[in-house]
Structure formats: C-alpha cells, structure tokens
Amino acid sequence: AVVSTQSTGISAILMEPFPEDSTFHEALKDGTILCRVMNVICPGSIKKVNTSKMAFKIMENTNFFLTAGVEQLGIPKSELFQTVDLYEGTNMTQVLWGLTAVARYARRKNKDLPALGPDLSARNERNFDEATLNKGQSIVGMQAGGFKGANQEGMTFGRPRAL
C-alpha cells in the first residue's frame, strides 16, 4: 500500500504514469526519476542528471536528490535514506520513509503538491504566565494514585495461587 501511494504521488508530481514494467526499486534505482521529482518540487535544484548506467553515476543521481532534500527543503538527514539503500535495494523500507519525508517537507513549501501522508506540524509555542504555572503545582495527577482513580481491586487472572 505504501509503495502504491508513493508511486501514485510520484506520477502526480511528474504528471506522467509511473513505470509499470518494473518494480518500484528498479524504477527508482538509477535516480533519474528522483532527480526529476526534486526539480519539480524545487526548480533548478539539480543541475545535471546523469543518464549513464555506470554504478557511480547512478549513485550520484540519488546523492543529488538527497542533497537537494537536505539543502533546499531542510529535511534532517536522519529522515532520509542512504544512497546504497536504494542502489542495492537492501533497505527499501527506509527509502519509502525517506520519500514520505520529502513529500512532507515539499508540501510545506508548496501546498499544491499531492499529500503522501500527514503534513508537517506547525510550531505552536505556548507561553504561560507564572500564576498559571503555579496552579499546576497544586494539582495531584492521576498517576500519583488516589481514591478516585483506577485501581486493581477485583482484578483476577486465572486461578488463585495455592499455598
């Protein structure tokens, strides 16, 4: 389901069908689709897309995509995948999570892009005055226990232990 959502989102961004004659990994492995997607999201962010089938050039395309994600969209590196994850197909789960992160951060920049999951939350700082903060000190939380909270009275599991 996640792969289907990602391929649908990529198709919507590029305004063309996702390659159906290959697997998700095979379609993205050379990095050209990823570079095209990034250039739609952030025009001109990837100057040169390699069309060579040499391993180094293929991995360079993926690296261009990841670098643009960090520099242009502000995605933390921890939310992305490593080039080798996609190239070798060893960690496609992380690739999917990375593409979802790109979609989240891209929607922050352009709300017209398709949503491939939840949007990033906006910062919502709260500043309480000292009186409000002090009121919280006098309230006993339910985790502290008390006579009105839930307890384990009457709970039994299985047979009682015979001593």
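**Figure 1. Helices H3 and H4 are roughly parallel to each other in this predicted model.** The pair is formed by H3, residues 32–41, and H4, residues 55–73, whose axes come within 8 Å and cross at roughly 25°. Angles under 35 degrees count as roughly parallel, and H3 and H4 are therefore described in this way. Their crossing is left-handed. On the H3 side, the residues in contact are Thr-32, Leu-34, Cys-35, Met-38 and Ile-41. On the H4 side, they are Asn-61, Phe-64, Phe-65, Ala-68, Gly-69 and Leu-73. The contact of H3 with H4 comprises 8 nonpolar and 3 polar residues, with no charged residues.

**Figure 2. Helix H4 passes helix H6 in a left-handed crossing.** The axes of H4 and H6 come within 11 Å, and the angle at which they cross is roughly 35°. From H4, the contact involves Phe-65, Gln-72 and Leu-73. From H6, the contributing residues are Leu-99, Val-102, Tyr-105, Ala-106 and Lys-109. Sorted by class, the contact of H4 with H6 holds 6 nonpolar residues, 1 polar residue and 1 charged residue.

**Figure 3. The largest cavity has a volume of about 90 Å³.** The structure holds 2 cavities of 30 Å³ or more. Helix H1 (2–14), H3 and helix H6 (92–109) each supply at least two residues of the lining of the largest cavity. The lining residues are Gln-6, Ile-10, Ile-13, Leu-34, Val-37, Ile-41, Phe-65, Leu-99, Val-102, Ala-103 and Leu-116. By class, 10 of the lining residues are nonpolar and 1 is polar, while no charged residues take part. Phe-65 lines this cavity and also belongs to the contact of H3 with H4. Leu-34 and Ile-41 of H3 likewise line the cavity and meet residues of H4. Leu-99 and Val-102 line the cavity and contribute to the contact of H4 with H6.

**Figure 4. The second largest cavity has a volume of about 30 Å³.** Its lining consists of Thr-100, Ala-103, Arg-104, Arg-107, Ala-115, Leu-116, Gly-117, Pro-118 and Asp-119. These residues divide into 4 nonpolar, 2 polar and 3 charged. Ala-103 and Leu-116 line the second largest cavity and are also found in the lining of the largest cavity.

**Figure 5. The largest pocket encloses about 160 Å³ of space.** Asn-63, Leu-66, Thr-67, Val-70, Glu-71, Lys-77, Leu-80, Phe-81 and Gln-82 form the lining of the largest pocket. The lining residues comprise 4 nonpolar, 3 polar and 2 charged residues. The charged residues in this lining are Glu-71 and Lys-77.

How values were computed:
Residues are numbered from 1 along each chain as its sequence is written. This is a predicted model: local features need pLDDT of at least 70, side-chain atom pairs count only at pLDDT 80 or more; totals for chains, interfaces and linings use all residues. Side-chain values use heavy atoms; hydrogens and water are left out. Axes are lines fitted to C-alpha atoms, for helices over the stretch in contact, and angles run from 0 to 180 degrees between N-to-C directions. Helices (H or I, at least four residues) and strands (E, at least two) are DSSP runs, numbered from the N terminus. Angles under 35 degrees count as roughly parallel, over 145 as roughly antiparallel, 65 to 115 as roughly perpendicular and the rest as oblique. A crossing is left-handed if the near helix is turned anticlockwise from the far one by less than a right angle, and right-handed if clockwise. Contact means heavy atoms within 4.5 Å. On a 1 Å grid over the protein atoms alone, a cavity is a set of points where a 1.4 Å probe fits but cannot get out, and a pocket is an open set with protein on both sides within 12 Å along at least five of seven lines; lining residues have an atom within 4 Å of a point. Grid points are joined across faces, edges and corners, and a volume is the space filled by probe spheres set on the points.
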